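Visitor: Could you take me through one part of this structure in detail? I would enjoy a close look at a helix and its surroundings.

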Amino acid sequence: MDRTQILLVGLPIFLFFSDILNLFAPQPPPKPTHHASINPKPHPLPILQQPLQFPTQPKQSGIGPIGLGSTVNIDFCTSCSYKGNAVTVKNMLESAFPGINVILANYPPPLPKRILSKVIPVVQTGFIIAIVSGEQIFPRLGITPPSWYYSLRANKFRSIASTWLLANFLQSFLQSSGAFEVYCNGELVFSKLKENRFPGEIELRELVGRRLANPRLVSGIEGSVEL
């Protein structure tokens with residue numbers, strides 16, 4: 001056989017065996033495509049939830065709260081039912097000026113009115129006893145019953161009720177002072193007896209705040225001068 005015949009017979013046999021080897025040989029891993037290598041797909045990053053940062057209130061200076069160490073006295077008329085107004089003002093001042101000390105107290109009427117208010121119940125009791133049992137009392141005292149006594153004696157219930165109501169009204173009037181006086185550190189900042197009205201909440205807050213700020217300003221100036 002010449003070389004041409006060997007080539008024609010050997011080449012098909014070589015290709016046949018090479019195909020058989022390729023069937024049993026392990027396949028190589030697939031190569032990445034050109035598009036994937038150029039533009040890789042981004043992976044989403046996990047979102048971390050963080051608490052929101054809110055601005056906090058600035059810290060107060062070394063002087064401390066404006067109401068610390070200060071005292072507000074509210075003297076009001078107890079018999080005039082002013083206690084509700086006094087409690088409302090107390091709560092307002094304590095919330096507006098932290099550290100302030102608000103003291104509520106009764107504002108007594110003048111001394112002559114107080115003395116008369118003590119006498120009224122005694123007169124009231126004696127008058128009612130006279131209406132009920134005056135027929136036995138006046139003869140023992142050697143006193144002739146006056147003419148008005150018999151007119152009151154004719155209708156005991158109406159006379160006793162009228163005496164009771166009139167005496168209670170007089171006693172309440174004598175015990176009332178109509179006062180609502182506000183003092184800040186011993187200084188009068190509002191007087192209902194002078195103004196003939198109640199203070200507004202905003203008005204009273206400004207008055208007390210102005211009074212509290214003045215001593216702090218003065219003490220700050222003195223401290224700077226000493227330094």
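Guide: Happy to; what follows is a close look at helix α4, with a short stop at helix α3 afterwards. Please keep in mind that this is a predicted model.

Helix α4 covers residues 111-141, and isoleucine 115 is found in it. Ile115 joins Leu111, Val119 and Val123 in making a nonpolar surface patch of about 360 Å².

Now for the packing. Two packed helices are described by the angle between their axes and the distance between the axes. For α4 and helix α6, which spans residues 156-175, the angle is about 175 degrees and the axes lie 8 Å apart. Angles over 145 degrees count as roughly antiparallel, so α4 is roughly antiparallel to α6. On the α4 side, the residues making the contact include Leu116, Ile120, Pro121, Phe127, Ile128 and Ile131. From α6 come, among others, Ile160, Trp164, Ala167, Leu170, Phe173 and Leu174. Sorted by class, this contact has 13 nonpolar, seven polar and two charged residues. Lys113 of α4 and Lys156 of α6 are among the participants.

For a charged pairing, turn to helix α3, residues 83-96, where lysine 90 and glutamate 94 sit four residues apart, about one turn of the helix. Their side chains meet in a salt bridge, with an N to O distance of 2.8 Å. The structure holds four salt bridges.

Note on methods
Residues numbered from 1 in each chain as written. Predicted model: local features only at pLDDT ≥ 70, side-chain atom pairs only at ≥ 80, totals over all residues. Heavy atoms only, no water. Patch = residues over 30% accessible without salt bridge, like charges linked within 9 Å, V, L, I, M, F, W, Y side chains within 5 Å. Areas by Shrake-Rupley, 256 points an atom, 1.4 Å probe, with all protein chains shown as cover. Helix = DSSP H or I, 4+ residues; strand = E, 2+ residues; numbered from the N terminus. Axes fitted to C-alpha atoms, helices over the stretch in contact; angles between N-to-C directions. Parallel < 35°, antiparallel > 145°, perpendicular 65-115°, else oblique. Contact = heavy atoms within 4.5 Å. Nonpolar A, V, L, I, M, F, W, Y, C, P; charged D, E, K, R; others polar.
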